[in-house]
Amino acid sequence: MFALMQSTRTQSLHLFVDPPSGLRAVVAIHNEQLGPAMGGCRYLAYADDESAVTDAIRLAQGMSYKAALAGLAQGGGNAVIMRGAHVENRAALFEAFGRALDSLNGRFITAVDSGTSTLDMDCIAQSTSHVTSTTASGDPSAHAVIGVFAGIRATAMARLGTDNLEGLRIAVQGLGNVGFALAEQLHAAGAELLVSDLDAGKVRLAVEQFNAQPVTNDALVSTPCDIFAPCGVGQVLSGQSVTQLRCAAVAGSANNQLTTLQVADHLEKRGILYAPDYVINAGGLIYVALTHRGESLSTITAHLSRIPSRLTEVFGHAQAEKRSPARVAQMLAERLLYG
Ligand code: NAD
């Protein structure tokens with residue numbers, strides 16, 4: 001645990017238990033240089049405590065990089081609430097987490113993430129003001145989709161020489177809040193869609209509504225396409241999966257897509273352009289950070305519109321320096337965080 005904190009330069013780790021509600025939660029605060037840490041609140045089942053802590057630390061680091069490169073005055077953090085086999089009272093669990101969060105005195109502000117909803121954020125808001133994406137402030141997914149769609153066009157321009165998606169084959173892995181709405185936009189832009197999800201019902205809907213071609217979860221990664229868009233879980237780009245890819249570029253919403261940074265070098269060697277996840281998927285964080293500060297929708301929209309140019313800048317540096325865009329994005333983010 002301490003080794004991972006040191007290697008990721010994570011500032012602090014906070015563990016919370018509340019026996020009456022069954023709460024077992026981890027908050028990782030990665031960096032507060034640019035402002036209070038902000039990040040998602042996950043509610044998932046983990047194999048063991050170490051996996052939960054590792055997830056919180058890695059996500060917190062990604063949040064610091066994401067906020068820095070998006071030009072937000074926020075640091076990075078992340079919360080993980082461990083999901084048991086059975087929860088007696090979900091509202092009480094999230095209210096207990098709100099009390100835990102409040103004890104950090106605003107050093108960490110949280111928002112929806114995998115396994116949580118705006119209703120859960122409402123429960124957290126019963127005990128603290130350090131929460132956003134409540135039902136009143138709104139789910140950030142739609143804004144994440146706007147950024148990812150624009151980022152896919154910028155990626156197509158950099159790799160294929162056109163940002164016209166008409167006729168491009170795009171493989172969307174995961175049809176959740178982001179993936180499904182993204183598929184809808186890609187279809188409207190004339191892309192040919194290949195889709196997979198663990199939930200067969202979501203796949204059926206995409207087939208019916210967007211004329212998408214269903215592909216099994218295992219086969220999608222090796223299906224020939226122009227752009228592979230991971231929008232389900234993280235860690236989908238490993239040494240093994242990268243050898244299977246048959247695409248020109250990878251650009252999707254999932255957090256922590258790379259298992260290691262070396263995998264990005266492998267993508268580069270194979271001529272596959274990688275859109276760094278924390279650059280392309282910053283739309284959700286931009287929305288929650290700016291709504292929490294009371295900014296207007298026009299300010300948020302202006303901020304979102306910078307995602308494709310930021311990505312193009314990263315691709316430009318990468319091409320000039322013959323390095324992976326992932327390494328360039330990390331270098332730029334660390335320069336902002338550590339000088
Ligand atoms: P979600 O939970 O609504 O959807 C995820 C979907 O992926 C589900 O339908 C699930 O069944 C599917 N899935 C999971 N594992 C899969 C696999 N192996 N193969 C195919 N499908 C699989 O999540 P979301 O809000 O749509 O977010 C998707 C990803 O984007 C996550 O990694 C999230 O961290 C990231 N992200 C989300 C936002 C946001 O605002 N929602 C913002 C930035 C990044």
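Domain bounds here come from an automatic or database domain assignment. With those bounds, the lining of the largest cavity takes at least three residues from domain 1 (2-124) and at least three from domain 2 (141-338). The model is a predicted one, and what follows looks at its enclosed space, then at an open pocket, then at the ligand.

Start with the enclosed space. The structure has one cavity of 30 Å³ or more, and the largest cavity comes out at about 50 Å³. Its walls are made by Leu 59, Gly 62, Met 63, Lys 66, Asn 255, Asn 256, Asp 277 and Tyr 278. Two elements, α2 and α11, give two or more residues each to this lining. Of the two, α2 provides the largest share, with four residues. Sorted by class, the cavity lining splits into three nonpolar, three polar and two charged residues.

Next comes the second largest pocket, which holds about 470 Å³ of space. A set of 21 residues lines this pocket, and those nearest its centre are Arg 58, Gln 61, Leu 258, Leu 261 and Gln 330. Four helices, α1 (2-8), α2 (49-69), α11 (277-280) and α15 (325-338), chip in at least two lining residues apiece. Here too α2 supplies the largest share, again four residues. So α2 turns up as the top contributor to the pocket lining and to the cavity lining, while α11 is listed for the pocket and for the cavity. The make-up of the pocket lining is eight nonpolar, 10 polar and three charged residues. Both domains take part in this pocket as well: domain 1 (2-124) and domain 2 (141-338) each put in at least three lining residues.

That leaves the ligand. A shell of 23 residues surrounds it, with Val 178, Asp 197, Lys 202, Ser 253 and Asn 255 the closest. Among the elements feeding this shell are α5 (141-160) and α6 (177-188), each with at least two residues. The shell is made up of eight nonpolar, 11 polar and four charged residues.

Several side chains come within polar-contact range of ligand oxygens. Ser 253 places a polar side-chain atom 2.9 Å from an oxygen atom of the ligand. For Asn 255, an N or O atom of the side chain also sits 2.9 Å from a ligand oxygen. Arg 42 has a polar side-chain atom 3.4 Å from an oxygen atom of the ligand. On its own the ligand would expose 830 Å², and the protein buries 81% of that area. Asn 255 is worth a second look, being one of the closest residues to the ligand and also part of the lining of the largest cavity.

Definitions and conventions: Residues are numbered from 1 along each chain as its sequence is written. This is a predicted model: local features need pLDDT of at least 70, side-chain atom pairs count only at pLDDT 80 or more; totals for chains, interfaces and linings use all residues. Side-chain values use heavy atoms; hydrogens and water are left out. On a 1 Å grid over the protein atoms alone, a cavity is a set of points where a 1.4 Å probe fits but cannot get out, and a pocket is an open set with protein on both sides within 12 Å along at least five of seven lines; lining residues have an atom within 4 Å of a point. Grid points are joined across faces, edges and corners, and a volume is the space filled by probe spheres set on the points. Ala, Val, Leu, Ile, Met, Phe, Trp, Tyr, Cys and Pro count as nonpolar, Asp, Glu, Lys and Arg as charged, and the others, Gly among them, as polar. A residue is near a molecule or strand if one of its heavy atoms lies within 4 Å of it. A polar contact is a pair of N or O atoms within 3.5 Å; within protein, one must be able to donate a hydrogen and the other to accept it, and residues adjacent in sequence count only if both atoms are side-chain atoms. Accessible areas come from the Shrake-Rupley method with a 1.4 Å probe; for residues, only the protein chains shown count as cover.
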